[in-house]
Amino acid sequence: MKTRITEMFGIQHPIIQGGMHFVGFAELAAAVSNAGGLGIITGLTQRTPELLAAEIKRCREMTDKPFGVNLTFLPVMTAPDYPGYIKAIIDGGVKAVETAGNNPQKWLPALHEAGVKVIHKCTSVRHSLKAESIGCDAVSVDGFECGGHPGEDDIPNFILLPRAADELKIPFVASGGMADGRSLVAALALGAEGINMGTRFIATQEAPVHDNVKAAIVAASELDTRLVMRPLRNTERVLRNAAVDRLLEKEKSLGANLKFEDIMAEVAGVYPKIMLDGTMEAGAWSCGMVAGLIHDIPTCQQLIDRIMAEADQIIRQRLAGFLAA
Ligand SMILES: Cc1cc2nc3c(=O)[nH]c(=O)nc-3n(C[C@H](O)[C@H](O)[C@H](O)COP(=O)(O)O)c2cc1C
């Protein structure tokens, strides 16, 4: 399939694996890229720029296809060494960067100079337009369904994507709730030129996370996610567990007085315990409503081949059949 997204990133299929903390290691990024999508290493999961450089090198040893790096700009007091991470990306010859969080404008000249294409993840039309105006090459439009941070507008993709299509000139992918060929065809119909998947890619053979995490996603239904940290305007969609119930109880009882310190135990530093050790009740971890559509743990190649075959079948047979009738 050819879209502006496949052309821009030099990939066979319009399928991107979104950056995921303590999931987006070289193994997953390489597997997605080898299957014809765009795999993404999560920059900040590597504690230093040197470690990111090593991870990029490791990924390059596992694939000769294009892959990218996610850089998340966090609203924190002491910023990570972003210049160092940017240098590691450029020196590592990476040609795709997925930015998320705060405005990436400051970093665009250096990235563009090095021939890097930048896709910024946005949860609203206004942020997408801003990304376009500052010179981002593409946008990942992340609907309310998504795992991770859906923003504060709560607009689901059935509205958000056509709204983005009405306003944007640069190409965009649909992110949040994407799982299969039906998702891809629907995203294309709504104006996107590809899809970005997070949760679906965790439940794959190559995702280097504990089997408990994959099993939890397969076991979950679309009813099992919760929104946390809304009172802090840092809303995150997570899989419900005992820690999340505790966190929500604190949010309820403390109301407007809630501070980040009150919920540290449930959210700070929990990713390695969950993703690597499989201690599933250790805290709150991002997961999309799309868990309800995930029933197996295929290889990335099987997953992407299946999505593309299903999309082809839907377009050529189901949809064309309606027209013929
Ligand atoms: C476990 C997990 C961790 C994530 N970590 C990040 C991150 O560090 N940076 C980021 O930009 N997005 C992160 N995301 C969001 C994904 O990149 C992607 O936008 C989102 O998962 C799409 O929604 P879906 O899960 O419905 O496919 C994360 C998502 C999950 C599920």
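**Exercise 1. The contact of H6 with H7**

Task: In this predicted model, find which residues of H6 meet which residues of H7, and describe how the two helices pack.

Solution: Begin with the residues themselves: Val125, Ser128 and Leu129 in H6 meet Arg163, Ala164 and Glu167 in H7. Sorted by character, the residues of this contact divide into three nonpolar, one polar and two charged. Next comes the geometry, for which two packed helices are described by the angle between their axes and the distance between the axes. Helix H6, residues 125-134, packs with H7 at an angle of about 35 degrees, and their axes are 10 Å apart. Finally, the crossing in which H6 passes H7 is right-handed.

**Exercise 2. The length and the faces of H3**

Task: Check whether the span of helix H3 agrees with its number of residues, and then work out where on the helix its buried residues lie.

Solution: Helix H3 runs over residues 49-62 and has 14 residues, which at 1.5 Å a residue should span 20 Å; because its end C-alpha atoms are 20 Å apart, the expectation and the model agree. The second step is to list the buried residues of H3, which are Pro49, Leu52, Glu55, Ile56 and Cys59. Seen down the axis of H3, these buried residues fall within an arc of 110 degrees, and therefore they line one face of the helix. The spacing can be understood from the α-helix in general, which has 3.6 residues a turn, so that residues three or four places apart point the same way. On the other side of H3, Glu50 and Glu61 are exposed. As a last step, ask what covers the buried residues: the cover includes helix H2 (26-34), strand S2 (39-42), strand S3 (67-73) and helix H4 (82-91).

**Exercise 3. The crossing of H2 and H3**

Task: Describe the packing of H2 against H3, giving the geometry before the residues.

Solution: The axes of H2 and H3 come within 9 Å and cross at roughly 35 degrees, and H2 passes H3 in a right-handed crossing. At the contact, Ala26, Ala29 and Ala30 in H2 meet Glu55, Arg58, Cys59 and Met62 in H3. These residues divide into five nonpolar, no polar and two charged. Two of the H3 residues named here, Glu55 and Cys59, are also listed among the buried residues of that helix.

**Exercise 4. Ile56 and Leu232**

Task: Decide for Ile56 and for Leu232 whether each is buried, partly exposed or exposed, and name the residues that each touches beyond four places in sequence.

Solution: Start with Ile56, whose place is in helix H3. Ile56 has 23 other C-beta atoms within 10 Å, and because a residue needs 20 or more to count as buried, Ile56 is buried. Beyond four places in sequence, Ile56 touches Ile41, Ala88, Gly92 and Val94.

Leu232 is found in the loop between strand S9 (225-228) and strand S10 (236-239). With 16 other C-beta atoms within 10 Å, Leu232 is partly exposed. Its contacts, again not counting residues up to four places away in sequence, are Leu258 and Phe260.

**Exercise 5. The surroundings of H8**

Task: List the buried residues of helix H8 and the elements against which they pack.

Solution: In H8, residues 181-189, the buried residues are Ser183, Leu184, Val185, Ala186 and Ala187. They pack against helix H7 (157-167), strand S7 (172-175), strand S8 (195-197) and helix H14 (300-324). After H8 comes Gly191, with a positive phi near 115 degrees.

Notes
Residues numbered from 1 in each chain as written. Predicted model: local features only at pLDDT ≥ 70, side-chain atom pairs only at ≥ 80, totals over all residues. Buried ≥ 20, exposed ≤ 12 C-beta atoms within 10 Å, placed from the backbone. Helix = DSSP H or I, 4+ residues; strand = E, 2+ residues; numbered from the N terminus. Contact = placed C-beta atoms within 7 Å. Expected span 1.5 Å × (residues − 1). Arc of directions from axis to C-beta. Axes fitted to C-alpha atoms, helices over the stretch in contact; angles between N-to-C directions. Left-handed = near helix turned anticlockwise from the far one by under 90°. Nonpolar A, V, L, I, M, F, W, Y, C, P; charged D, E, K, R; others polar.
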